[in-house]
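Biologist: I am new to this model. Please take one part of it, the aromatic side chains, look at it closely, and then work outward from there to the rest.

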Amino acid sequence: MILSTFKRLRLALLALLALVALGTIGYKLIEGWSTLNALYMTVITLATVGYKEVAPLSPPGKVFTIILISFGVSIVFWAVASLFEIVISEQLWHTLLRRRMENQINKLQDHYIICGYGRMGQEIAKVFSNSKVPYAVVEINPEQLPKLIEQNIPFIEGNASDDKVLLAAGIKRAKGLVTVAASDEENVFITLTARGLSPDLFIVARSIREENEDKLKRAGANKVMSPYISGGRRMAFAALRPQVLEFLDAAIRADDITFELDDVNVTSKSPFVGKRINESRIRETSGAMILAVRSSNGTLNYNPNPNTVLIDGDTLILVGTPAELNTAQAYAAGHN
């Protein structure tokens with residue numbers, strides 16, 4: 001709609017310029033005036049300002065002026081109407097878009113908020129979308145907004161360190177927040193603001209410089225990730241143990257997921273609480289396999305002994321297909 005209005009405005013302006021040129025030429029030929037006087041007469045005639053003619057008009061000149069005014073007024077009104085339509089349509093479009101985004105975000109529950117939609121933010125959103133995890137994006141850079149609109153991703157335009165912006169993104173209902181702003185300073189402020197608004201929110205923050213990791217943790221981040229450190233380690237792993245890295249990449253790849261990693265919390269309602277791993281029947285029931293057990297005191301036990309007793313508060317790290325992991329989650333919650 002806005003594009004078609006722009007085309008109409010462009011046509012109206014071209015028609016107006018053509019009419020100015022025609023009027024200038026017409027007055028020169030009919031009245032014998034100079035180019036400047038002919039242009040001046042054409043402009044005041046089309047503008048209907050009522051200034052005095054540069055010289056008395058001949059009868060043919062008067063007829064030409066009547067024709068010029070008739071066409072000119074119509075084209076000027078056409079151009080002005082198109083301009084107003086563009087302004088009103090754009091305002092209306094932005095208003096409707098903002099309301100649609102607000103409605104989508106208001107429906108979100110236990111979602112994640114991605115602060116920043118640069119290259120990392122886009123990859124995070126891709127993983128969330130493929131994993132069917134609800135999320136919303138907060139982005140201040142207007143250049144990124146067309147991508148969000150095109151992909152129909154719920155977003156809030158604004159500074160993620162602003163309380164009102166995070167509240168509009170549903171932080172009170174959110175499960176977690178990932179901040180990947182352009183600088184560590186921005187990520188620190190976003191983390192501080194998010195932690196102040198939601199004390200129980202799980203926050204993952206990006207640290208560009210390693211020395212800022214402690215600052216982000218003190219600001220309230222649960223996990224701090226450094227893409228350069230992680231990337232360097234992955235490249236070293238690719239050189240030393242390429243098959244192991246291929247397995248890990250397959251587990252976290254965003255597209256064409258065949259299997260993935262997940263964590264399952266052991267609660268008092270779990271049917272296997274108080275049982276040994278070999279008695280829990282997790283593998284037989286769901287098909288997922290236990291890779292590690294994180295105890296309630298934070299100790300991570302890799303490749304746990306089958307005789308390890310599972311207690312309330314443990315967390316199981318599992319590997320399996322999405323369907324197997326969903327079954328394991330339901331089984332752990334006592335739904336099976």
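**From the aromatic rings outward**

Modeller: Phe 128 and Tyr 135 are both buried. Bear in mind throughout that this is a predicted model. A ring counts as paired with another when their centres lie within 6.5 Å, and by that rule there are five aromatic pairs. In one of them, the rings of Phe 128 and Tyr 135 have centres 5.8 Å apart and planes at 55 degrees, so this pair is tilted. The reasoning rests on the angle: planes under 30 degrees apart would be stacked, and over 60 edge-to-face.

Another pair falls on the other side of the lower cut-off. The ring centres of Tyr 27 and Trp 33 are 5.4 Å apart and the planes meet at 20 degrees, so the two rings are stacked. Tyr 27 is buried, and Trp 33 is buried as well. These two residues also belong to a cluster, in which ring pairs link Tyr 27, Trp 33 and Phe 64.

Not every nonpolar side chain is covered. Leu 11, Leu 14, Leu 17 and Trp 78 make a nonpolar patch of about 420 Å² on the surface. Helix H1, which runs over residues 2–31, gives the largest share of this patch, with three residues. Leu 11 has its place in H1. Elsewhere, Ser 74 sits in helix H3 (residues 59–106), and its relative accessibility of 48% makes it partly exposed, because the exposed class starts over 50%. Ser 74 is 62 residues from Ala 12 in sequence, yet the two C-alpha atoms are 9.7 Å apart in space.

Next comes the open space. The second largest pocket has a volume of about 550 Å³. Its lining is made of 24 residues, and the closest to the pocket centre are Gly 118, Val 180, Ala 181, Ala 182 and Arg 206. Four elements each supply at least two lining residues: helix H4 (119–130), strand S2 (135–139), helix H7 (184–197) and helix H9 (227–240). The largest share, three residues, comes from H4.

Helix H7 comes up again among the charged contacts. The whole structure holds three salt bridges. In one, Arg 209 pairs with Glu 185, and the closest N and O atoms are 3.2 Å apart. Glu 185 is in H7, whereas Arg 209 is in the loop between strand S5 (202–206) and helix H8 (213–219), so this bridge ties together parts 24 residues apart in sequence. In a second, the side chains of Arg 209 and Glu 211 meet at 3.6 Å, N to O. Glu 185, Arg 209 and Glu 211 are thus linked in a network of salt bridges. The members differ in cover: Arg 209 counts as partly exposed at 37% relative accessibility, Glu 185 is partly exposed at 42%, and Glu 211 is exposed at 54%.

The side chains of Arg 276 and Glu 279 also meet in a salt bridge, with 2.8 Å from N to O. Arg 276 is partly exposed, with a relative accessibility of 33%, and Glu 279 is partly exposed too, at 37%.

The backbone has some points to note. Most residues other than glycine have a negative phi. Arg 281 is not a glycine, but its phi is positive, about 60 degrees. Arg 281 is found in the loop between helix H11 (277–280) and helix H12 (282–286). Asn 152 is also not a glycine and has a positive phi, of about 55 degrees. The loop that holds Asn 152 lies between helix H5 (145–150) and strand S3 (155–157). With a relative accessibility of 43%, Asn 152 counts as partly exposed.

One more loop residue completes the tour. Asn 297 is in the loop between strand S8 (289–294) and strand S9 (300–302). At 62% relative accessibility, Asn 297 is exposed, unlike the buried Phe 128 and Tyr 135 that opened this account. Asn 297 and Gly 313 are 16 residues apart in sequence, with 8.6 Å between their C-alpha atoms.

Key: Residues numbered from 1 in each chain as written. Predicted model: local features only at pLDDT ≥ 70, side-chain atom pairs only at ≥ 80, totals over all residues. Heavy atoms only, no water. Patch = residues over 30% accessible without salt bridge, like charges linked within 9 Å, V, L, I, M, F, W, Y side chains within 5 Å. Areas by Shrake-Rupley, 256 points an atom, 1.4 Å probe, with all protein chains shown as cover. Salt bridge = Lys/Arg side-chain N within 4 Å of Asp/Glu carboxyl O. Phe/Tyr/Trp six-rings, centres within 6.5 Å; stacked < 30°, edge-to-face > 60°. Buried < 20%, exposed > 50% of the residue type's maximum accessible area, 1.4 Å probe, protein only. 1 Å grid on protein atoms, 1.4 Å probe; cavity = no way out; pocket = protein on both sides within 12 Å on 5 of 7 lines; lining within 4 Å. Points joined across faces, edges and corners; volume = space filled by probe spheres on them.
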